[in-house]
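Please open the model in your viewer and keep the selection panel at hand. The tour below proposes one selection after another and says what is to be found at each stop.

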Number of protein chains: 2
Amino acid sequence: MADDKGLTPRADDFSAWYNEVVQRAELADHSPVRGSMVIRPWGYGIWERMQRALDDRFKETGHENAYFPLLIPMSFIEREKEHVEGFKPELAVVTHAGGKELEEPLVVRPTSETIIYSMYAKWVQSYRDLPLKLNQWANVMRWELRTRLFLRTSEFLWQEGHPAHATEGEAEEETRLMLDVYRTFMEEWIAMPVVTGLKSESEKFAGALRTYTCEAMMQDGKALQAGTSHNLGQNFSRQFGLTFQSEAGAEEFAWNTSWGVSTRLVGGMVMTHGDDTGIVVPPRLAPVQVVVVPIYRKEAERTAVVEKAHELAGRLRERDVRVRVDDRDHLNPGAKFWEWERKGVPFRIEIGPRDLAKEQAVLVKRVQGEGEERKAFLPENQIVAELAEHLEAFQRQLLERARARREARSHRGGETLDELREILEGPGGFVYTGWSGDPAVEERIKEETKATLRCIPDPAFRSPQAPTRCIGGGEARMEVVWARAY
Amino acid sequence: MADDKGLTPRADDFSAWYNEVVQRAELADHSPVRGSMVIRPWGYGIWERMQRALDDRFKETGHENAYFPLLIPMSFIEREKEHVEGFKPELAVVTHAGGKELEEPLVVRPTSETIIYSMYAKWVQSYRDLPLKLNQWANVMRWELRTRLFLRTSEFLWQEGHPAHATEGEAEEETRLMLDVYRTFMEEWIAMPVVTGLKSESEKFAGALRTYTCEAMMQDGKALQAGTSHNLGQNFSRQFGLTFQSEAGAEEFAWNTSWGVSTRLVGGMVMTHGDDTGIVVPPRLAPVQVVVVPIYRKEAERTAVVEKAHELAGRLRERDVRVRVDDRDHLNPGAKFWEWERKGVPFRIEIGPRDLAKEQAVLVKRVQGEGEERKAFLPENQIVAELAEHLEAFQRQLLERARARREARSHRGGETLDELREILEGPGGFVYTGWSGDPAVEERIKEETKATLRCIPDPAFRSPQAPTRCIGGGEARMEVVWARAY
């Protein structure tokens, strides 16, 4: 598609395309503070819908929200050995407050395990107080050297779930349940298919026993870690004295899990569905699902057309469609079309003077499937009756398109490092191979190809034929997925 | 009422009562970080309902949400002279990040005017870009020496609206509109009546032209500033170069407003409605509106009673009542009753074996009006059919009770400092007097009585007879409200 608005095409430079499109769609902007972004209303509206959908699922699965302090004593972060190694280089530190130097520096939370489990230690006495299944929606701070809007910013918004359980089995079950909540949310709301699986030791969360992950494939073939769910075992409960009296009367350490997704998901949505015109927002996430553009030349035409546009919008709203009438006078219809396409609104309705008498309008879908017409002249009543269905169909279509793209770039059956390198230098994507479990192989591949071990995929995502050879030579003990990643 | 659970009665020590009741109701807890609180699920659930109700009204009045950085360059805060004087002593400062000392210290936002208007300066070119009506839900930090859960904490949650307008008139209109949104929300949702009016020069927001306020009266007669709406004039737009081209083609500075309410409102709810048993949550804010307690002695009774409790709960849920069945086995009914009363759940339903055959249950309201029975035996069907009405009636009853309490402690017609002192040392409350407008009078009253000028009340709240004498002597130019305050 010709790009007459100066947007870099994805094929030329995907990274430049991303940076441009995020700003042009007014999703976010750079701030005067290094590495911190401003989330603009269009981006925040999408995030709000993600929040609402996730929060509903958290509550359905028995979780409650709470809020814990932003600032954490440095000594808390230092208590869990792997945790501090993982996070210390990225900390932002408050040393002065209220005009004085603090006795102990406070860190702006990079994640909240330490402060949350220290409170649980105070609240939990008996097995009857468990499970304690709390989540918080919050901002966190990880000082990053190289930042990109949504994908990697020093400050980001997220949710962090931090349950405590009485048994190891329950904790593992919770970890898997929340991974599944994430996977279905990503598929059903973001229309972004993901491969789920287990992280290797070197890629797991700092302080976890096991980390499970949702890995999505972006249009450039790179992986995006879209959400993680950790089984923390008793690592934190031991450091923070989170014990309880079991039913049998013994003093035991609780079993913790933690799981989170962030505003990074907005970046994932952009890189999954966007095109050379702009971003594409799946209908369930779109703050505006349909924009109605009245078309007129003379002032005499204006009144009737604008009135009809609002009437139609009102009828759609009654059917729970989120609709906006763009009746701004100082822009011509073409400029409006382009603005809303760039922002990814799923449908546009155009109404002109000649449509009034015919009781029809033009319906335009943001993205066409194979063989689909871009524009359709339809009776008004039909548009009102069918638009909700069109939105759901578009939602499904986006997921199917993304899945087809991913499958086309999922390479299975390769056995050698050369084959892996060839794929990564060529089409890119996810490469499924055998692995012995040896971390040295993982390290060597990372150095030589810049690909990382994304996950040991769950059964549903494994190849029909289990690989027998490890990519580093010798026998395979499991199948793994390699990709370059954001 | 006798208090057999060791809760300090309000009449003995209102302040101790507050501290105890907030923790016993599990609204919040102290954290290991000085001045920062943990908001527990019951408190956060109430805050979530406040957020939802306010956010709906913000959107109805044409506002959108966005998100701006937590950290603000120190130089930004220093740019507006009054602003820096007001906030500098309370700042928490990040001096190190990513393992290095920062070139310029960053402050944890105490409020976001500076960073937000600096971004607007980048986005706004023409009058067509105005009004720009953004709000953010965020955490803020003001380092406080003396803190109290919800009422005054170093970190708190709030929303801050920051519109920019093309004209002074529009800005003033917005300031008043949002004050009214706050007032009606406080009345209709928190059942907390407020007096609205203008702050004096000495009490206005640091950097504002004019500050309007909602002042609520707590049960001890002290005032709580529950929300403020500021007309900032062009003070910030001048400092941050927030200009636009007017319709006539001239370069002009924009007119800003800002308005906010915070988690302090939860404290206001507690001190407006709580009693010597615990807190009382108005039905519209209650995460659980009705708790159903099954009553049984033998295991044989248990199954049928618990089943009935869940059946009844299901029928209530169909009518959008938020209901919880407390079927915990290890607590006796009395312990459950007391826990839910302490937490302020509006209604309780008790069902025992003998009720099953009669198809009845006991309905207990958390607070009785004059002459009302505490318990009512009612047919199940009647409970299901009428509970939503009972909830709305209870919501109104709480507002009326709070209003009556306030009126009983609103003193009008006093003219001398001695009378003011006598009231404050005695019954306490709001004292309406005349005022010349002289700040020296205000200062003197503050020193001598610890009362502050809460506001110059709006017409609806003024005395029928306008006072003619200033409390400091001489002629009155206006009526004002004095009170000791939180």
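Start with domain 1 and domain 3 of chain A: 16 residues of domain 1 of chain A are in contact with 16 residues of domain 3 of chain A. The model is a predicted one, and this should be kept in mind at each stop. To make the selection, use the domain assignment of chain A, which gives domain 1 as 14-273, domain 2 as 290-389 and domain 3 as 410-483. If you place a marker at the C-alpha centre of domain 1 of chain A and another at that of domain 3 of chain A, the two lie 28 Å apart.

Stay on the side of domain 1 of chain A that touches domain 3 of chain A, and colour β10 (194-198) and β11 (210-217) of chain A, the elements that give two or more residues to that side. β10(A) gives the most, with four residues. Coloured by class, the residues of this side of domain 1 of chain A divide into four nonpolar, six polar and six charged.

**The sheet in 290-389 of chain A**

Next, select domain 2 of chain A, assigned to 290-389, and show its strands as a cartoon. Five strands of chain A form an open sheet with mixed pairing, in the order β17-β16-β18-β19-β20. At its edges are β17 (323-325) and β20 (375-379) of chain A, each of which pairs on one side only, and the twist from one strand to the next averages 25°.

Follow the sheet to β19 (residues 360-365) of chain A, which pairs with β20(A) in the antiparallel sense over five bridges; for one pair to label, take A:Val364, whose bridge partner in β20(A) is A:Lys375. Then add helix α10 (residues 333-342) of chain A, which lies across β16 (290-294) and β18 (347-351) of chain A and runs at about 175° to β16(A).

Before leaving β19 of chain A, step back to A:Glu359, in the loop between α11 (353-358) and β19 of chain A. Phi of A:Glu359 is near 50°, a positive value in a residue other than glycine, and A:Glu359 counts as exposed because it has 11 C-beta neighbours inside 10 Å. A second residue to select is A:Lys450, in the loop between α14 (439-449) and β23 (452-457) of chain A, where phi is near 65°, again a positive value in a residue other than glycine. A:Lys450 is exposed, since 12 other C-beta atoms lie within 10 Å.

**Around β7, and its loop in both chains**

Move to A:Ala138, in strand β7 (residues 134-141) of chain A. Is A:Ala138 buried or exposed? A:Ala138 has 20 C-beta neighbours inside 10 Å and therefore counts as buried. Leaving aside neighbours within four places in sequence, A:Ala138 is in contact with A:Trp158 and A:Glu160.

Now look at the loop between α5 (113-123) and β7 of chain A, where A:Pro131 lies. A cis peptide bond joins A:Leu130 and A:Pro131, with omega about -10°. In chain B, the peptide bond from B:Leu130 to B:Pro131 is cis, with omega near -5°, and B:Pro131 lies in the loop between α5 (113-123) and β7 (134-141) of chain B.

**Where the chains meet**

Show both chains together: 42 residues of chain B are in contact with 43 residues of chain A. On the side of chain B that touches chain A, strand β5 (residues 92-97) of chain B has the largest share, six residues, and by class this side has 25 nonpolar, ten polar and seven charged residues.

Select β5 (residues 92-97) of chain A with β5(B), two antiparallel strands joined by five bridges, and label A:Val94, whose bridge partner is B:Val94. Beyond four places in sequence, A:Val94 touches residues of both chains, including A:Leu71, A:Leu106, B:Ala92 and B:Val108. The largest nonpolar core has 271 residues, of which A:Val94, A:Val292, B:Val94 and B:Val292 touch the most other members.

**Last stop: β24 of chain B**

Finally, select strand β24 (residues 478-483) of chain B, in which five of the six residues are buried. β24(B) pairs in the antiparallel sense with β22 (residues 430-435) of chain B over five bridges, and here B:Thr433 stands opposite B:Val480. Strand β23 (residues 452-457) of chain B also pairs with β24(B) in the antiparallel sense, over three bridges, with B:Ala483 as the bridge partner of B:Thr452.

Terms used
Residues are numbered from 1 along each chain as its sequence is written. Chains are lettered from A and ligands numbered from 1 in the order in which they are written. This is a predicted model: local features need pLDDT of at least 70, side-chain atom pairs count only at pLDDT 80 or more; totals for chains, interfaces and linings use all residues. Two strands pair if DSSP finds at least two bridges between them. Axes are lines fitted to C-alpha atoms, for helices over the stretch in contact, and angles run from 0 to 180 degrees between N-to-C directions. Two residues are in contact if their C-beta atoms, placed from the backbone, lie within 7 Å. Domain bounds come from an automatic or database domain assignment. Ala, Val, Leu, Ile, Met, Phe, Trp, Tyr, Cys and Pro count as nonpolar, Asp, Glu, Lys and Arg as charged, and the others, Gly among them, as polar. A nonpolar core is a set of buried Ala, Val, Leu, Ile, Met, Phe, Trp, Tyr and Cys residues joined through C-beta atoms within 7 Å.
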